[in-house]
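Open the model in your viewer and keep the selection tool at hand. The tour goes from one selection to the next.

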2 protein chains.
Amino acid sequence: MMSNNTMRPTVFVVDDDEDMRDSILWLLESVNLYAEAYAGAGAFLQACDPQREGCLLLDVRMPGMSGMELLEQLGSCGIHLPVIILTGHGDVPMAVRALKHGAFDFLQKPFNGQELLDQINAALRQDAERHRQRREMHVLHAHYEALTHREAEVMELVVAGNSSKAIGQKLGISPKTVDIHRANIMRKLDVHTIAELVQSRLALRGEE
Amino acid sequence: MMSNNTMRPTVFVVDDDEDMRDSILWLLESVNLYAEAYAGAGAFLQACDPQREGCLLLDVRMPGMSGMELLEQLGSCGIHLPVIILTGHGDVPMAVRALKHGAFDFLQKPFNGQELLDQINAALRQDAERHRQRREMHVLHAHYEALTHREAEVMELVVAGNSSKAIGQKLGISPKTVDIHRANIMRKLDVHTIAELVQSRLALRGEE
DNA sequence: AGAGATATAGGTAGAACTACCTATTGCCGT
DNA sequence: ACGGCAATAGGTAGTTCTACCTATATCTCT
């Protein structure tokens with residue numbers, strides 16, 4: 001039984017300043033948001049796994065890895081949380097760089113509490129949508145995993161518009177065998193027409 | 001015969017300061033980029049039609065409509081040029097607002113000439129790619145325009161995975177008539193299998 | 001050794017699709 | 001009023017797909 005908060009949307013707060021962390025945590029808890037605070041980029045990376053849903057509040061100026069470095073590295077860690085950058089000494093080039101690297105927002109301290117909450121809620125909504133799509137993809141993916149190598153091969157050729165006869169020639173097997181594979185594909189992917197098969201395949205192509 | 005430069009990628013420069021315009025134009029012409037300068041948002045909107053390819057250099061502080069207002073209004077004019085904001089007195093919130101509204105970059109004056117050129121070239125590449133895709137879509141779109149209302153109706157149902165019999169029932173016509181429509185659809189769209197039809201339809205769905 | 005998965009292939013029958021043909025009705029524009 | 005287009009529908013033939021059945025060879029895991 002999963003009784004902890006691992007599965008809940010989480011506001012991750014990464015800031016080396018303990019007073020700032022406490023102040024933000026107090027703000028978040030006052031509106032019933034679940035939050036976790038970390039004193040540095042390293043501690044966060046160790047604790048956060050890519051499955052988590054939520055958003056990330058990131059201070060720029062920190063000992064060790066800076067917020068900007070962490071932001072630019074998140075992608076290669078597979079973490080795609082929306083990131084809100086918080087900074088006391090930000091300038092325009094830094095803000096531009098952050099947003100070009102995909103930051104959700106860039107706010108200067110001292111920040112307006114309501115504005116921060118608004119942005120956090122927007123970020124949480126965005127990530128909730130991202131996770132919804134991710135889960136859909138996951139279901140599809142699981143179905144495709146059930147295909148054998150040969151079946152996957154045949155499926156690609158079917159989606160590309162080949163007839164069973166053409167597929168048989170390309171793979172050097174009987175069109176009859178291709179039909180067997182096709183039947184297995186349709187059953188495993190739970191589709192009943194070519195159109196559904198193509199749509200399902202393209203949905204997976206588009207999002208991964 | 002189209003002998004003017006309407007079809008060439010164009011760097012549109014919008015700035016109320018004549019010295020600034022001349023300075024930027026000189027920089028652009030020194031690297032053989034074609035540019036057009038405008039003294040205000042209104043003059044630009046009047047001269048630029050949505051078909052043009054290129055990018056837009058936009059000053060923030062101008063009499064009349066500001067650069068930010070123009071940026072936020074471009075979408076509703078159907079103009080999707082990448083926009084590089086140039087400003088002498090920008091601050092962080094303004095930069096954030098510009099980038100969140102889709103600006104390609106936000107640079108502060110006085111700017112480094114090489115940096116500006118780099119960003120312009122990146123913007124031009126992006127818009128060239130956008131136009132390439134747009135042209136592809138346009139060809140597809142032209143084919144779909146050739147369909148009659150009834151044929152379009154039938155096509156959607158085919159793509160959704162309905163059989164001719166099912167379509168006939170839904171539309172209250174004979175499955176035989178549906179077959180006629182299907183044949184016309186396949187001929188007009190120049191596809192030869194259901195899979196191709198669905199792929200073509202979804203390509204259009206995704207990009208428009 | 002036996003169970004299960006995988007790939008192979010044949011048969012048969014019915015449903016669905018495709019490509020031809022003709023034909024009628026109604027509407028629009030010259 | 002005539003020609004052309006759109007929508008309707010039928011016939012026939014051939015191809016393709018789908019759903020059943022059986023069957024063999026190979027490989028893996030227990």
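Leaving aside its neighbours within four places in sequence, which residues is Ile84(A) in contact with? Select Ile84(A), then add Cys55(A), Leu57(A), Leu58(A), Phe104(A), Asp105(A), Leu107(A), Gln119(A), Ile120(A) and Ala123(A), which are its contacts beyond that range. Two residues are in contact if their C-beta atoms, placed from the backbone, lie within 7 Å.

A note on what is on screen: this is a predicted model, in which local features need pLDDT of at least 70 and side-chain atom pairs count only at pLDDT 80 or more, while totals for chains, interfaces and linings use all residues. Residues are numbered from 1 along each chain as its sequence is written, and chains are lettered from A and ligands numbered from 1 in the order in which they are written.

**The cores.** Add Ile85(A), Ile84(B) and Ile85(B) to Ile84(A): these four have the most contacts inside the largest nonpolar core, which has 68 residues. A nonpolar core is a set of buried Ala, Val, Leu, Ile, Met, Phe, Trp, Tyr and Cys residues joined through C-beta atoms within 7 Å. Buried means that 20 or more other C-beta atoms lie within 10 Å of the residue's own; exposed means 12 or fewer, and partly exposed is in between, with C-beta atoms placed from the backbone. Another core, of 22 residues, lies apart from the largest one and includes Leu157(A), Ala195(A), Ile185(B) and Val198(B).

**Chain A.** Now show chain A alone, with its 9 helices and 5 strands. Helices (H or I, at least four residues) and strands (E, at least two) are DSSP runs, numbered from the N terminus. Along the sequence the pattern is β-α-β-α-β-α-β-α-β-α-α-α-α-α. The C-alpha atoms fill a box of roughly 70 × 40 × 25 Å along the principal axes. Of the 208 residues of chain A, 28% count as buried.

**Where the chains meet.** Bring chain B back: the contact takes 20 residues from chain A and 20 residues from chain B. On the side of chain A that touches chain B, H9(A) gives the largest share, 7 residues.

**The DNA.** Last, select DNA strand C. What surrounds DNA strand C? There are 17 residues, the closest being Thr148(A), Arg150(A), Ile173(A), Ser174(A) and Ser164(B). A residue is near a strand if its C-beta atom, placed from the backbone, lies within 6 Å of it. H8(B) supplies the largest share of this surface, 4 residues.
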